[in-house]
Amino acid sequence: VLAVARWTMRQAAAAVVVAAILAVQMARVPVPRIEAVVAVEQPIDAVWDLLIDLRSWTQWNPVFSVDFDCTIGSTTTPTSTPADATGTVLALPSCYPQVGTLLTITCKWDDGTVDVSHEVVRKKWVEGEKEEEEEATATATPEDSVSDSPSPSPRAVCWEYVDMPSWLLSTDRCITVYPLDSGGSRVVNHEQFGGPLATIVMWLKEDVVTTGFHTFNAALRDHLNDSQ
């Protein structure tokens, strides 16, 4: 009996080691990010003011709704002061997320499923990372090339998934807005998955998430156009 117990323990230990090795290897497998890009006619300030008001998303898009506690990790100070054509300052949203703000995001996919997740803002109001700028430039059409003007700078807000240990599943969702030479903006909406469960999540959700991102972008563009 003692020998059998030792053999069983050795087998269990070997299984744990193999599982750990597989997890590490799966974590190293590059997972394509889901991305949707849209060009809009409005300047970057107008686009950013709409996007960063996360709690108002439900007013203009059918896919994503965001909620968070305005008294924790957020501010009532806007990134810019919106005004109408006459210069009259418009009413501001109640609060804006800051780095560290915990978000509750509800996703209503076109297949009828609903996902609710908790995410933490990790980056906000910064220039787009170099690789994102280069990618946006490469995909821009000649008549809508990304502006090389020093001002205004690209702006981004990013958050990461916290409902599961990152060594099992990590996600990095970013929405970056780039100014265009035409005076409009280019919005890059993407999410990168990592960890050993990423392949499974992509297999289950890639199509609906991709469709959801494109629907969100189209709603953003249409709402901005209707607001003119």
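**Exercise 1.** Is leucine 204 buried or exposed?

*Solution.* The model is predicted. Start with location: leucine 204 sits in helix H4, residues 198-227. Next, take its relative accessible area, which is 56%. The cut-off for exposed is over 50%. Therefore leucine 204 is exposed. Finally, place the residue on the surface. Together with Ile200 and Trp203, Leu204 makes a nonpolar surface patch of about 410 Å².

**Exercise 2.** Find which residue of helix H4 forms a salt bridge with aspartate 115, and locate both partners.

*Solution.* The partner is lysine 205, with an N to O distance of 3.0 Å. Aspartate 115 belongs to strand S6, residues 114-124, and lysine 205 to helix H4. The two are 90 residues apart, so the pair links distant parts of the chain. Aspartate 115 has 28% relative accessibility and counts as partly exposed.

**Exercise 3.** Describe the salt bridge between arginine 55 and aspartate 67.

*Solution.* Distance first: 3.4 Å, N to O. Then position. Arginine 55 lies in the loop between helix H2 (44-52) and strand S2 (64-67), while aspartate 67 is in strand S2, twelve residues apart. Now exposure. Arginine 55 is partly exposed at 32% relative accessibility. Aspartate 67 is partly exposed at 44%.

**Exercise 4.** State how many salt bridges the structure holds, and assess the one between arginine 33 and glutamate 35.

*Solution.* The count is six. In the bridge from arginine 33 to glutamate 35, the closest N and O atoms are 2.6 Å apart. The cut-off is 4 Å, so this pair qualifies. Arginine 33 has 25% relative accessibility and counts as partly exposed. Glutamate 35, at 25%, also counts as partly exposed.

Terms used: Residues numbered from 1 in each chain as written. Predicted model: local features only at pLDDT ≥ 70, side-chain atom pairs only at ≥ 80, totals over all residues. Heavy atoms only, no water. Patch = residues over 30% accessible without salt bridge, like charges linked within 9 Å, V, L, I, M, F, W, Y side chains within 5 Å. Areas by Shrake-Rupley, 256 points an atom, 1.4 Å probe, with all protein chains shown as cover. Salt bridge = Lys/Arg side-chain N within 4 Å of Asp/Glu carboxyl O. Helix = DSSP H or I, 4+ residues; strand = E, 2+ residues; numbered from the N terminus. Buried < 20%, exposed > 50% of the residue type's maximum accessible area, 1.4 Å probe, protein only.
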